[in-house]
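Here are some worked exercises to go through with the viewer open. Try each task yourself before reading the solution.

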Amino acid sequence: MPPGPDRLDATDARLVQALTEDPRATVIALSQRLGLARNTVQSRLARLESGGLLAPFEARVRPEALGYRLGAYMTVQVVQRSLEEVASALAALPEVLEVTALSGAADLLVRVVAVDADDLWRLTEQVLAVRGVERTDTALALRRYVDHRVAPLLERAAGAETPAAG
């Protein structure tokens, strides 16, 4: 598949790899490191940012640093045809980090954080009070074994235009 507005090519992948290794690298440093013209690096970064292909900087901030030591995942069952409204209401809660639509028994997977168990109880009550929410089920996140990552995918993309077959 050729690179498009929603796909990184090998040069984009190398650029993002370099940024991952040194997030504070200047455009000039990146251009020297990758052997690209400064304007090329600058235009590619602008395209990646404006196209939403790079996550916002806030994704790097750990909730624990803000006092939210408890993480949990809620599955939420929603009244038919209420997904958009429920998702919008959940997005208004600061402790809701992600909302993902699912197939299967649950309609939404909601990643939340809380200060402690009492705070999680309060948050659960808020979610249950959202119009259109029928039921929730909460699982505490005890330990993360693999942090969010895309480095292996970047390495693959930087080395070849297509993923290697199994």
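**Exercise 1.** How many salt bridges does the count come to, if a salt bridge is a side-chain nitrogen of Lys or Arg within 4 Å of a carboxyl oxygen of Asp or Glu?

*Solution.* First, a word on the ground rules. This is a predicted model, in which local features need pLDDT of at least 70 and side-chain atom pairs count only at pLDDT 80 or more, while totals for chains, interfaces and linings use all residues. Residues are numbered from 1 along each chain as its sequence is written, and side-chain values use heavy atoms, with hydrogens and water left out. With that rule, the count is nine salt bridges.

**Exercise 2.** Find the residues that Glu21, Asp147 and Glu98 pair with in salt bridges, and place each pair in the chain.

*Solution.* Helices (H or I, at least four residues) and strands (E, at least two) are DSSP runs, numbered from the N terminus. For accessibility, buried means under 20% relative accessible area, exposed over 50%, and partly exposed in between (1.4 Å probe, protein chains only).

- Step 1: Glu21 meets Arg33, with 2.1 Å from N to O. Glu21 sits in helix α1 (residues 10-21) and Arg33 in helix α2 (residues 27-34), twelve residues apart. Glu21 counts as exposed because its relative accessibility is 54%; Arg33, at 48%, is partly exposed.
- Step 2: Asp147 goes with Arg62, at 3.4 Å from N to O. Asp147 is in the loop between β4 and α6 (151-159), Arg62 in the loop between α3 (38-50) and β1, so this salt bridge ties together parts 85 residues apart in sequence. Both ends are partly exposed: Asp147 at 37% and Arg62 at 49%.
- Step 3: Glu98 takes Arg111, the closest N and O atoms being 3.2 Å apart. Since Glu98 is in strand β2 and Arg111 in strand β3, the pair ties together parts 13 residues apart in sequence. Glu98 is partly exposed, at 40%.

**Exercise 3.** Is Asp12 buried or exposed, and which residues share its salt-bridge network?

*Solution.* Start with the location: Asp12 is in helix α1. Its relative accessible area is 1%, so Asp12 is buried. The network links Asp9, Asp12, Arg44 and Arg47. Now zoom in on the side chains of Asp12 and Arg44, which a polar contact of 2.6 Å joins (a pair of N or O atoms within 3.5 Å; within protein, one must be able to donate a hydrogen and the other to accept it, and residues adjacent in sequence count only if both atoms are side-chain atoms). Leaving aside residues up to four places away in sequence, Asp12 touches Arg7, Arg44, Arg47 and Leu48 (contact means heavy atoms within 4.5 Å).

**Exercise 4.** In what order do the four strands form the sheet, and which helices pack on the sheet?

*Solution.* Strands pair if DSSP finds at least two bridges between them. The order is β2-β3-β1-β4, an open sheet with antiparallel pairing. β2 (96-101) and β4 (133-141) are the edges: each has a single partner strand, so one side of each lacks a neighbour in the sheet. Next, take β1 (residues 70-78) and β4, which pair over eight bridges; here Val78 stands opposite Val133. Helix α4 (residues 83-91) packs on the sheet, touching β1, β2, β3 (108-114) and β4. Helix α5 (residues 117-128) does too, touching β1, β3 and β4.

Note on methods:
Axes are lines fitted to C-alpha atoms, for helices over the stretch in contact, and angles run from 0 to 180 degrees between N-to-C directions.
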